[in-house]
Amino acid sequence: MSKKFGVPWPELNNGITYTDVVSTSDSELALIDYYSSKHKNSAPLQGWLQRINNGQIKVDGTIVTEPKTILRAGSKLVYHRLPWPEPDAPYLLETLYEDDDVIALNKPSGLQVLPGGLFQQRTVLTQLQWRDEKKNCSPTCQESHPVPVHRLGRGTSGILLCAKTKLAKTRLAAYFADGTSVVGGNRDADMKLRTVRKISKIYRALVNGILEKDEIVIEQPIGTVQYPGVAKGLYVASASGKPALSKVAVLERDVQGGHTTVRVLWF
């Protein structure tokens with residue numbers, strides 16, 4: 001029987017720290033010159049001045065509030081971004097299956113799996129960590145928080161597999177990778193991978209328009225493009241991307257609504 005768990009998100013997250021090590025070529029730079037040139041996309045000059053004055057930057061473990069402080073090669077810089085309210089996201093997760101090695105979750109749409117971009121706290125990983133902390137785990141248990149072993153986009157709902165041990169993480173990662181590297185060769189051979197792979201990904205999607213064919217094979221490479229609010233970009237069809245192979249089967253055609261429900265098998 002499935003069970004749900006989750007803790008409501010606090011209004012603000014815990015902020016985040018960014019670490020840099022001063023290179024030889026950057027030694028003798030002033031602290032403000034370093035940040036305003038190296039991280040100008042994060043904030044303008046006045047923004048970095050304010051952060052330094054607020055005591056948000058440490059140099060070798062010491063808070064520095066003097067913008068003209070001269071840096072030395074090898075110094076460790078730590079910038080602490082202050083807590084901020086993250087965009088709305090669901091917090092409840094449903095456990096579909098669990099044993100000593102793995103846990104299978106039903107991830108809702110709108111919840112990010114791992115920290116990134118605007119979502120540093122409101123993630124599946126955070127809820128898994130909080131779940132273990134509530135169990136009053138021993139030190140040994142705390143070293144093995146469940147971790148997701150594959151990707152599932154923030155807007156996508158579905159089954160998410162998480163490993164509870166290092167061995168499970170290694171094995172599951174290998175199962176997901178099995179066959180991926182050979183896609184792009186002979187298509188018929190690639191299709192046969194479905195019968196030998198230990199794990200397959202099957203998606204249900206809603207497509208704009210009406211597909212005439214009952215089955216379609218898509219062989220376009222998959223790559224990333226920059227997208228607002230998504231740190232590493234979105235995965236889309238891209239000529240410069242990695243080889244990919246998908247088989248699409250029509251499940252339902254809604255002629256009046258102008259869309260098609262399909263099942264997508266990824267190889």
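This is a dialogue on how to read one predicted protein model.

Biologist: What should I know before I start?

Modeller: The model is predicted, so local features need pLDDT of at least 70 and side-chain atom pairs count only at pLDDT 80 or more, while totals for chains, interfaces and linings use all residues. Residues are numbered from 1 along each chain as its sequence is written, and side-chain values use heavy atoms, with hydrogens and water left out.

Biologist: How many helices and strands are in the protein chain?

Modeller: Helices (H or I, at least four residues) and strands (E, at least two) are DSSP runs, numbered from the N terminus. Here the protein chain has six helices and 15 strands.

Biologist: What share of the residues counts as buried?

Modeller: Buried means under 20% relative accessible area, exposed means over 50%, and partly exposed is in between, using a 1.4 Å probe and protein chains only. Of the 267 residues in this protein chain, 34% count as buried.

Biologist: And what is the accessible surface of the protein chain?

Modeller: Accessible areas come from the Shrake-Rupley method with a 1.4 Å probe, and for residues only the protein chains shown count as cover. The protein chain has about 16,600 Å² of accessible surface, and carbon and sulfur atoms hold 52% of that.

Biologist: Let's turn to sheets. What is the order of the five strands in the open sheet?

Modeller: Two strands pair if DSSP finds at least two bridges between them. In this open sheet the order is β1-β6-β7-β9-β8, with antiparallel pairing. At the edges are β1 (3-5) and β8 (147-148), each of which pairs on one side only. You can follow β8 to β9, since the two are joined in the antiparallel sense over two bridges. Look for Val-147, whose bridge partner in β9 is Ala-163.

Biologist: Which helices pack on that sheet?

Modeller: Contact means heavy atoms within 4.5 Å. For directions, axes are lines fitted to C-alpha atoms, for helices over the stretch in contact, and angles run from 0 to 180 degrees between N-to-C directions. Helix α3 (residues 124-134) packs on the sheet and touches β1, β6 (93-98), β7 (102-107), β8 and β9. The direction of α3 makes about 130° with that of β7. Helix α5 (residues 166-177) also packs there, touching β7, β8 and β9, and its direction makes about 135° with that of β9.

Biologist: Is Lys-3 buried or exposed?

Modeller: Lys-3 is in strand β1. With a relative accessible area of 64%, Lys-3 is exposed. Not counting residues up to four places away in sequence, Lys-3 touches Leu-93, Glu-94 and Thr-95. Lys-3 and Thr-95 are 92 residues apart in sequence, yet their C-alpha atoms are 5.2 Å apart in space.

Biologist: What is the order of the four strands in the other open sheet?

Modeller: That order is β10-β15-β14-β11, and the pairing is antiparallel. The edge strands β10 (201-208) and β11 (215-218) each pair on one side only. On average, neighbouring strands of this sheet are turned by 30° against each other, direction ignored. Between β11 and β14 (residues 246-254), the antiparallel pairing runs over four bridges. One of the residues to find is Glu-215, whose bridge partner in β14 is Ala-249.

Biologist: What does Arg-204 contact?

Modeller: Arg-204 is found in strand β10 and counts as exposed, at 69% relative accessibility. Leaving aside neighbours within four places in sequence, Arg-204 is in contact with Leu-251, Thr-261 and Val-262.

Biologist: Which residues of helix α1 are buried?

Modeller: As a general idea, an α-helix has 3.6 residues a turn, so residues three or four places apart point the same way. In α1 (residues 31-38), the buried residues are Leu-31, Ile-32, Tyr-34, Tyr-35 and Ser-36. Their cover includes β2 (16-21), α2 (45-53), β3 (57-59) and β5 (76-81).

Biologist: Finally, which residues other than glycine have a positive phi?

Modeller: Two to look at are Glu-28, with a positive phi of about 80°, and Asp-60, with phi near 50°. Glu-28 is in the loop between β2 and α1 and counts as exposed at 52% relative accessibility. Asp-60 lies in the loop between β3 and β4 (62-63), and is partly exposed, with a relative accessible area of 48%.
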